[in-house]
Amino acid sequence: MDDCAPTPPLAHPGWRALVWFGAALCYLGLVVHFVGRRPELFTTIADPRYLAEVAAMFLTSAMAAAGAFCAGCPGRAIWERFAPLPFLLIWIGALAIGCWRDRHIQGFPPFANISTIQTIAAMSIPSALAILSMARRGAPIAPMTTVGLATLAATSMSSAVHRVFIEQSMAGSAGFWPFCAVLLMSGFASLFGRRLLRWTTRDEFVATVQRPS
């Protein structure tokens, strides 16, 4: 181990999460700028349930990003990987209240809105690639957890921003399919964690040539 080349230390996981969160928010802000916000947005903001749901989405995204970066740091506490769980539960609670309100509306659950799964997936691709690229710089000691949390961070933020510009007739249950998309994509992506975060032949070659002679 004495011949290993020194590598610059990574920034604190919280700082890296903040950098990614800001960059992803700017990207999705541009999406809202070009698509346009929902016309009744300021009326909807008056609903505490809506505010709680959207705030929980953003906080789930921020905590999941921090958890993903913590999972790539040896020696970090295991509980840090569960940091997004309280906000995810608040999100589920707010969504459940909205679905309960809409239960008597014809067409519930809103299967006509199932296409929002594709929208969330498309919106999440750039921010997901960015956070996965940053997470690969850490140690692949918990690859499935890291990739799952990283995907949760990207899809949660996309789901929150999606609520800003999408117009829905059933406001309470509008987040039903986006939430399903978040869970499905996070779980599916975590299955490929070992493949996505393992060192490639190129990584090994770069580490080899960087060793001092």
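This report describes the helices of one predicted chain, the way some of them pack, and the surroundings of four residues.

**Overall fold**

The chain holds nine helices and zero strands. Its pattern along the sequence is α-α-α-α-α-α-α-α-α. Of its 213 residues, 44% count as buried. Contacts between residues at least 6 apart in sequence were also sorted by separation, and 88% of them join residues at least 24 apart.

**Helix pairs**

Two packed helices are described by the angle between their axes and the distance between the axes. The table gives these values for three pairs.

| Helix pair | Axis separation | Crossing angle |
|---|---|---|
| Helix 1 and helix 6 | within 10 Å | roughly 30 degrees |
| Helix 5 and helix 6 | 8 Å | about 135 degrees |
| Helix 5 and helix 7 | within 8 Å | roughly 55 degrees |

Helix 1 covers residues 13-35 and helix 6 covers residues 143-165. With a crossing angle of roughly 30 degrees, helix 1 and helix 6 count as roughly parallel, because angles under 35 degrees are classed that way. Their crossing is right-handed. On the helix 1 side the contact is made by Trp20, Phe21, Ala24, Leu25, Leu28, Val31, Val32 and Val35, and on the helix 6 side by Ala153, Ala154, Met157, Ser158, Val161, Val164 and Phe165. By type, the residues of this contact are 14 nonpolar, one polar and no charged.

Helix 5 and helix 6 pack at an angle of about 135 degrees. Helix 5 is therefore oblique to helix 6. The crossing of helix 5 with helix 6 is right-handed. Helix 5 contributes Thr116, Thr119, Ile120, Met123, Ser124, Ser127, Ala128, Ile131, Leu132 and Ala135 to the contact, and these meet Thr146, Val147, Ala150, Ala153, Ala154, Thr155, Ser158, Ser159, Val161, His162 and Phe165 in helix 6. The residues of this contact comprise 12 nonpolar, nine polar and no charged.

Helix 5, residues 116-135, also packs with helix 7, and the two axes cross at roughly 55 degrees. Helix 5 and helix 7 are therefore oblique to each other. Helix 5 passes helix 7 in a right-handed crossing. Thr116, Ile117, Ile120 and Ala121 in helix 5 are matched by Trp177, Pro178, Ala181 and Met185 in helix 7. Seven of the residues in this contact are nonpolar, one is polar and none is charged.

Some residues appear in more than one of these contacts. Thr116 and Ile120 of helix 5 meet helix 6, and Thr116 and Ile120 also meet helix 7. In helix 6, Ala153, Ala154, Ser158, Val161 and Phe165 take part in the contact with helix 1, and those residues are also among the partners of helix 5.

**Tryptophan 20**

Tryptophan 20 is in helix 1. Its relative accessibility is 2%, so tryptophan 20 counts as buried. Beyond its neighbours within four places in sequence, tryptophan 20 is in contact with Ser61, Ala65, Ser127, Ala130, Ile131, Met134, Ala153, Ala154 and Met157. One of these partners, alanine 130, is 110 residues away in sequence, yet the C-alpha atoms of the two residues are 7.5 Å apart.

**Leucine 132**

Leucine 132 belongs to helix 5. Leucine 132 counts as buried because its relative accessibility is 18% and the limit is under 20%. Outside four places in sequence, leucine 132 is in contact with Val147 and Ala150. Leucine 149 is 17 residues from leucine 132 in sequence, with a C-alpha to C-alpha distance of 9.9 Å.

**Threonine 60**

Threonine 60 lies in helix 3, residues 48-71. Its relative accessibility is 0%, so threonine 60 counts as buried. Not counting residues up to four places away in sequence, threonine 60 touches Pro84, Phe87, Leu88, Trp91, Leu152 and Ser156.

**Serine 186**

Serine 186 is in helix 7, residues 176-190. Serine 186 is buried, with a relative accessible area of 9%. A polar atom of its side chain lies 2.8 Å from the backbone oxygen of valine 182. Further away in sequence than four places, serine 186 is in contact with Gly148, Thr151, Leu152 and Thr155. Leu152 is also among the residues touched by threonine 60.

Terms used:
Residues numbered from 1 in each chain as written. Predicted model: local features only at pLDDT ≥ 70, side-chain atom pairs only at ≥ 80, totals over all residues. Heavy atoms only, no water. Helix = DSSP H or I, 4+ residues; strand = E, 2+ residues; numbered from the N terminus. Buried < 20%, exposed > 50% of the residue type's maximum accessible area, 1.4 Å probe, protein only. Polar contact = N/O pair within 3.5 Å; in protein donor to acceptor, adjacent residues only side chain to side chain. Contact = heavy atoms within 4.5 Å. Axes fitted to C-alpha atoms, helices over the stretch in contact; angles between N-to-C directions. Parallel < 35°, antiparallel > 145°, perpendicular 65-115°, else oblique. Left-handed = near helix turned anticlockwise from the far one by under 90°. Nonpolar A, V, L, I, M, F, W, Y, C, P; charged D, E, K, R; others polar.
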